[in-house]
Amino acid sequence: MLHCLVVDVLRKASQMDLPVRFHTIGVMALLLVAGVSAAEESGHDDASVYYVRHAISSGLDAGDEVSQSGYYRATLQASPRGAPQVLLAPLWMQRVDAAGKSHYPLDLEPGKDDRLLDVLQDGFVAQVTQEGESGPLRPVDQKAWSTLAKKAPAEAEIVLAGYQAPGLRPVVLPRTVAVGDSINSWQRIEPYASFKAKLRVLEVTPTAVLMDMTMAAAGVQGEGRLVVQRADGMPIELRMEVSHAATRTAPASLHRVHLADTRHDLMLHMAEDLQSYVGYVEQINHQLQRPPFSNPSPDASAYTQQSAALAELEQYMVGAGALPALEPYMGSLWIPAEDGSGRWLAIGARAAAAVRPGARRVQHEPVLMSRLHGVELLDARGAPIAGLEAQTVTRTLFFPEKYSAAQNELNFPFHLPLGAPRALLGQIEAVRMSVDAEVYAFETSETLATGEHSTLNPDATVLWPAAHRATLVQGRQTWKEKTGLYSVVVPLDEDGNEMPSEQLIVAPLKPAQPTRLAEVPLAWENSLIPIRTEIATGRPIARLQVRHYRWSSVPRTWIFPMYP
C-alpha cells in the first residue's frame, strides 16, 4: 500500500512550477495503492466500474476542447448469439465545455426527463466480433430509444456520442502471447466507423498484458498505450490520442481518451499527460543534482526534516485512537446544484483526523486512508431505503484534516440511482459506510551501520549512494493484505544523536524518457514501482535508525447523519 505521506507528496507536486493538470485529491483515492487484481475485488457480479475521460477538439491547441469525465459500470458477457458484448451503464458524468463551464448531464428529474431516463437506465450495448471488432453502440431499451429518436432526434444523436466510452471494449488476445508480439485489433469512436489498431506487446504478467498501439487507416491517425486482463482482454487502463479526418457527416476531430478500471486503484495523475510526467521528473532530478543532495550544504536551513520522538507516530500518521475522535464529527447534507434546479448530496468530516494537542506545525498533514466496501442510505429508522441503492465508484477514501466531497465532484465515493424520485431522496437521514481504516502503531526500531540492511522489514532496502546520503526503498502492498510494516529512517552521528537532514519522498514512477504521450508509462506500470525516500545530511552518516511502524486495516462502520 502506498501510505498516507505520498498523498501529501503528490499534492505538493501539483504546486510546483509545472504545467501539471491534477485532479482533486479524491481521484488519488482510486489510485494510491498497488494494483489489485480484478479477482480480488469483485463488483456487481462480473461488472467493473471504470473511470473514463474523453476530450474532443478540432486539433492540438485549438482552444475548443470539450471534455467529459465520469464513471461507467461495464459488464462483458455473451450475447444471445454467443458472441461477446459489452454492457455500459453511465453512473455519473461531468462535461466541461470550451468556455470551462461544467455541466452534469445525468442530473435528471423524473417527470421532466423521462424519455432520456428510459434510455439511460438500462444502458447501452456494443457487440464484439470474434476478431475483436466493435459494432456501433446501441441502447438496450430499443423501444425507449425509438421514442427518444422520434421526439428528439438531435438529443438522441448526442446521447450516443456522449455515452460511448471509447476504448472500453475487450481486446481479443491469442492463446499465447509474448513480449514483441504484434496483435491486430480494433477501436471505434462514434460517429465514425471502426478502425484497425496494431498492438505491440511490451510486457506480459500472469494476469495482464501491456501493449502500445498505433492506428493508421484512411482518415485515421493515432497512437496509445493499454494494459488488458489476460483472462478476458478487458482494459485495466487505456490511454489514446486519435485524429479523425472530416467526413461528409462529421468534422475533423482529435480525441483524447484515458480510462481505468477502478478495482485496480491506479494513480492516474502522472499518466494523464506528457508535461506532468516530464515536468515532475525534471524537478526531482534538479533537486537531487544540487545541495544538500549532490553535496553537503553549508546552510543549516537546507535541512528541514522534522522527525517524531522514538516510539511516537510521525505527524502524518493516524493512530487507532484518532478514529473515535473523528467519527462523531462526520455528517451529510444537501447543497444547491450549480444551476439552481436541484440539489446534490455532500458528505464530510468536520474535525481533524489526527492532530494532537500542542503539536507543532507539520510538513505533511495527517491523512486517514480507508478502503470502502459498501454504502447504504438510511431512513429515519436507520434502515436502508428500498429502491435507493448506492453505487460505489471509488474504493479508497482520504480524510485529510478537513474532508468534504459533494455529488458533483469526481472524488465523491458513490452515486445515487439515475432518476431517483425526490420523495425517496427526501427520506435520506444518514449515509452508512462499511470501511477498513488504515491506522499506524510504532512497533520497533533497529540501528544499521553504513552498508547494512534491515533485517526486520523485508520490503525495505537501504542504499548508500554517498557518505552524506542514504536512500530508503520500500515495496508496495495491497489492500488484500490487512497489515504490514512501513519504515522511516533517521540518520545518526557517531555518538548516536539524530543528525539534521533533508528528506525527499519521490512519487513512484516507472523510469522513462518520453517525448510523446504514447511513451508516458501508464499508471498501471507505476503501480508496482516502490516508494523511494532520499536522505541527505551535512556530515557523513555514521548509522541509520530505522523505525518500523505497523499499519493495520481496521473494520469500521461510519455514519454520516443528515444535517438540516
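1. Let's start with the side chains of Lys-510 and Glu-525, which meet in a salt bridge at 2.7 Å, N to O. This is a predicted model, so please read the distances here as computed ones. Lys-510 sits in the loop between strand 24 (501-506) and helix 9 (523-526), while Glu-525 belongs to helix 9 itself, so the pair ties together parts that are 15 residues apart in sequence. The two ends of the bridge have their own surroundings: Lys-510 counts as partly exposed at 25% relative accessibility, whereas Glu-525 counts as buried at 6%.

2. Which residues are joined into one network by salt bridges that share partners? They are Glu-223, Arg-516 and Glu-519. For the whole model, the count comes to 19 salt bridges.

3. Another bridge to look at is the one between Lys-482 and Asp-436, whose closest N and O atoms are 2.8 Å apart. Lys-482 is in the loop between strand 22 (469-474) and strand 23 (483-492), and Asp-436 is in strand 20 (residues 430-449), so this contact ties together parts that are 46 residues apart in sequence. With a relative accessibility of 44%, Lys-482 is partly exposed. Asp-436, at 6%, is buried, because the cut-off for that label is under 20%.

4. Strand 20 also takes part in a bridge through Glu-443, which pairs with Arg-550; here the closest N and O atoms are 2.9 Å apart. The pair links distant parts of the chain, with Glu-443 in strand 20, Arg-550 in strand 26 (residues 543-561), and their positions 107 residues apart. Both ends are partly exposed: Glu-443 has a relative accessible area of 40%, and Arg-550 has a relative accessibility of 26%.

5. Turning to the nonpolar interior, how many residues does the largest core have? The figure is 51, and Leu-120, Leu-168 and Met-211 are the members with the most contacts inside this core. Apart from it lies another core, of 35 residues, which includes Met-330, Ile-347, Ile-385 and Ala-437.

6. Met-211 is worth selecting in your viewer. Leaving aside residues up to four places away in sequence, Met-211 touches Leu-173, Ile-183, Leu-199, Arg-200, Val-201, Leu-202, Arg-225, Leu-226 and Val-228. Arginines thus appear among these neighbours, namely Arg-200 and Arg-225.

7. Leu-76 is a good residue to check next. Its place is in strand 2 (residues 66-78), and with a relative accessible area of 23% this leucine is partly exposed. Buried would require a value under 20%, so Leu-76 does not get that label. Where sequence neighbours up to four places away are not counted, Leu-76 touches Pro-84, Gln-85, Val-86, Pro-170, Asp-232 and Met-234. Asp-46 is 30 residues from Leu-76 in sequence, yet their C-alpha atoms are 7.4 Å apart in space.

8. Finally, a geometry check on helix 6 (residues 274-288). At 1.5 Å a residue, its 15 residues should span 21 Å, and the end C-alpha atoms are indeed 21 Å apart, which agrees. Which residues of helix 6 are buried? They are Leu-274, Ser-276, Tyr-277, Gly-279, Tyr-280, Ile-284 and Leu-288. At the start of this helix, a side-chain oxygen of Asp-273 reaches to within 3.3 Å of the backbone nitrogen of Gln-275.

Technical notes. Residues are numbered from 1 along each chain as its sequence is written. This is a predicted model: local features need pLDDT of at least 70, side-chain atom pairs count only at pLDDT 80 or more; totals for chains, interfaces and linings use all residues. Side-chain values use heavy atoms; hydrogens and water are left out. Helices (H or I, at least four residues) and strands (E, at least two) are DSSP runs, numbered from the N terminus. Buried means under 20% relative accessible area, exposed over 50%, partly exposed in between (1.4 Å probe, protein chains only). Contact means heavy atoms within 4.5 Å. A nonpolar core is a set of buried Ala, Val, Leu, Ile, Met, Phe, Trp, Tyr and Cys residues joined through side-chain atoms within 4.5 Å. A salt bridge is a side-chain nitrogen of Lys or Arg within 4 Å of a carboxyl oxygen of Asp or Glu. The expected span of a helix is 1.5 Å times one less than its number of residues. A polar contact is a pair of N or O atoms within 3.5 Å; within protein, one must be able to donate a hydrogen and the other to accept it, and residues adjacent in sequence count only if both atoms are side-chain atoms.
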